[in-house]
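Here are a few exercises to work through with the model open in your viewer. Try each one yourself before reading the solution.

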Amino acid sequence: MACNLSAGRQEVCKESIGGIQGVYFVNYTTGSFTKNGSGEVTAVPSGSVLYFYQLKGSSAYTETVNTSRDNGTTFFSQELLLNLKKLTNEMTTQLKLMAYGRPQIIVWTNNGDALLVGEKLGADVTAGTIQTGGALGDLYGYSVTFTGMEQLPAAFLSGSSTTNALGGLTANYSIVYGSAV
């Protein structure tokens with residue numbers, strides 16, 4: 001039976017850290033992401049443009065397993081919360097485009113892993129605020145929630161590290177870093 005367990009797990013060392021150092025947005029494509037035998041992503045669709053957003057602070061990624069015994073279904077809900085500092089006209093325009101589209105997103109963690117969110121169906125903006133805050137220390141910027149729903153959990157990118165999220169990918173893409181928008 002295909003749903004039987006195939007491995008055990010020992011207690012792991014306490015060497016991991018939380019948080020996200022950046023995300024790469026890919027405009028939704030039906031092209032396939034290439035994977036190795038372990039299920040890790042080794043290439044993005046050829047000719048893809050990746051838009052990098054550097055993050056510091058309280059952005060977070062959470063994936064939830066949703067299973068129904070009654071219906072015999074399981075899917076994975078992927079939620080990415082981004083807090084982007086500083087309001088600008090250029091960033092407001094990009095936020096609008098994010099909300100209109102359904103990008104695929106590579107989440108690069110502080111621990112050095114990179115995960116592909118919205119691989120098959122894309123990720124939708126499901127909530128967001130543009131805010132000035134009330135007090136001097138409040139967020140003057142954007143808080144945006146992306147949600148993906150997929151049949152499988154987010155795939156890891158092969159060869160990612162704390163210094164290079166895309167380390168194991170075949171170089172068939174370009175990256176746009178942009179300015180501080």
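**Exercise 1.** In this predicted model, find what lies over the face of Tyr28 and at what distance from the ring centre.

*Solution.* Start at the Tyr28 ring and look for a charge over its face: you'll hit Arg102. Arg102 sits 3.8 Å from the ring centre. The cut-off for this kind of contact is 6 Å, with CZ of Arg also within 35 degrees of the ring normal.

**Exercise 2.** Classify the ring pair Tyr24 and Phe52 as stacked, tilted or edge-to-face.

*Solution.* Step one, recall what you need: a pair of aromatic rings is described by the distance of the centres and the angle of the planes. Step two, count the pairs: the structure holds 5 of them. Step three, take the values for this one: the centres of Tyr24 and Phe52 are 4.7 Å apart and the planes stand at 45 degrees, so the pair is tilted. Step four, place the partners: Tyr24 belongs to strand β1 (residues 20-26) and Phe52 to strand β4 (residues 48-54), 28 residues apart, so to speak distant parts of the chain linked by a ring pair. Both residues are buried. Finally, widen the view: ring pairs join Tyr24 and Phe52 with Trp108 and Tyr177 in a cluster.

**Exercise 3.** Do the same for Phe25 and Phe146, and work out whether each is buried or exposed.

*Solution.* Geometry goes first: with centres 5.4 Å apart and planes at 50 degrees, this pair is tilted. Phe25 is in strand β1 and Phe146 in strand β10, 121 residues apart, and their pair links distant parts of the chain. Now the accessibility, where buried means under 20%. Phe25 comes out at 5% relative accessibility, so it counts as buried. Phe146 has a relative accessible area of 1%, so it is buried.

**Exercise 4.** Work out the strand order of the open sheet that contains β10, and say which strands stand at its edges.

*Solution.* Walk across the sheet: its 4 strands run in the order β5-β6-β10-β9, with antiparallel pairing. β5 (60-68) and β9 (124-131) each have a single partner strand, so they stand at the edges and one side of each lacks a neighbour in the sheet. On average, neighbouring strands are turned by 15 degrees against each other, ignoring direction. Next, zoom in on β6 (residues 73-85) and β10 (residues 141-150): they pair over 10 bridges in the antiparallel sense. Lys85 faces Gly141 of β10. Last, add helix α1 (residues 89-100), which packs on the sheet and touches β6, β9 and β10. The helix direction makes about 20 degrees with that of β10.

Definitions and conventions. Residues numbered from 1 in each chain as written. Predicted model: local features only at pLDDT ≥ 70, side-chain atom pairs only at ≥ 80, totals over all residues. Heavy atoms only, no water. Pairing = 2+ DSSP bridges. Helix = DSSP H or I, 4+ residues; strand = E, 2+ residues; numbered from the N terminus. Axes fitted to C-alpha atoms, helices over the stretch in contact; angles between N-to-C directions. Contact = heavy atoms within 4.5 Å. Phe/Tyr/Trp six-rings, centres within 6.5 Å; stacked < 30°, edge-to-face > 60°. Buried < 20%, exposed > 50% of the residue type's maximum accessible area, 1.4 Å probe, protein only.
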